[in-house]
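Here are some short exercises on rings, helices and contacts, each with a worked solution. Have your viewer ready and try each task before reading on.

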Amino acid sequence: ITRRTCQSRVAALYFRNIRLSFNSRMTMSNDSRAAEVTRGSFQMPPRGQEPGYEVTFLRCGGGTTNDPSSPSETDGVTEIVLLHGQRYQKENWADSSVLSALCAAGGVTAIALDLNIMITAVRLGDAFDAMAKEGVLSGKPITLVTPSASGKAMIGLGWLSKTSPPDSAPSQLLKRIVHKWVPVACHTVGLATEDSFLTAYKDIGIPILAVRGDGDEMVGRESTDRLVRVAGAKELVVKGGHACYLDRPQEFAKHVLEFATA
């Protein structure tokens, strides 16, 4: 090997290492930016006697089709919306690191909302449309994560799907806004007085991942067992109690991410 050949190989190796280092820094930067949690709000429109009001949220991940700075970022992006139970708030998703864990790998937009647990299916649809209008969501069907009492509206969506006139707006609401559903120890499943309100998900082809903690032997087990039996849900049992997503946040985020992006 001549001296010139050796020098050429050393130079090539040097520039290759620079390129790899640059690409590594870019990847780390992109992952960090994707996992960054930001705050925002949208305006819930009035309906009937109920006035409009502001809804706040926490968000991480890519842009939306209404974001002029990145109009193509929703191509192939999975959108996950997380509600919360009666004793919790949207900040729990961020403080537990679930929110950032969902977005860390890129390709996901995750949004944690403060919505009243008693919100109806129709008002959940209003929230979805408002977020799409204001560029928070793309307007495509989303994956919804509903711990405990926050699943009430999901039962209502099934009820509308089965009891409204075919092809009417209410009957199509479930299909229009929900891509996948992740109920977590969702005791409001008991509000479904007819199994058909749950089989609506299976009939439309909406997958369900029913999650509970291994220590939640009453509420969690009962609701999960019914969803598996009636709606064809896949069961996931993780270590923890009723709020198992806070007991094992990384494990929970991993499984939700795998389910939502499959």
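Helices are DSSP runs of H or I with at least four residues, strands are E runs of at least two, and both are numbered from the N terminus. The model is predicted, so local features need pLDDT of at least 70 and side-chain atom pairs pLDDT 80 or more, while totals for chains, interfaces and linings use all residues. Residues count from 1 along each chain as its sequence is written, and side-chain values use heavy atoms, leaving out hydrogens and water.

**Exercise 1.** Place A94 and describe its surroundings.

*Solution.* Start with the element: A94 belongs to helix α2. Next, take accessibility, where buried means under 20% relative accessible area, exposed over 50% and partly exposed in between (1.4 Å probe, protein chains only). A94 has 26%, so A94 is partly exposed. Then look for contacts (heavy atoms within 4.5 Å): leaving aside residues up to four places away in sequence, A94 touches L58 and L99. Finally, the C-alpha atoms of A94 and L58 are 7.7 Å apart, with their positions 36 residues apart along the chain.

**Exercise 2.** Classify the ring pair of W93 and Y245.

*Solution.* Rings of Phe, Tyr and Trp (its six-membered ring) pair if their centres lie within 6.5 Å; planes under 30 degrees apart are stacked, over 60 edge-to-face, the rest tilted. This rule gives 6 aromatic pairs. For W93 and Y245 the centres are 4.7 Å apart and the planes at 25°, so this pair is stacked. The pair joins helix α2 (residues 91–95) to helix α9 (residues 244–247), with W93 and Y245 152 residues apart. Both W93 and Y245 are buried. One aromatic cluster holds Y88, W93, Y245 and F252.
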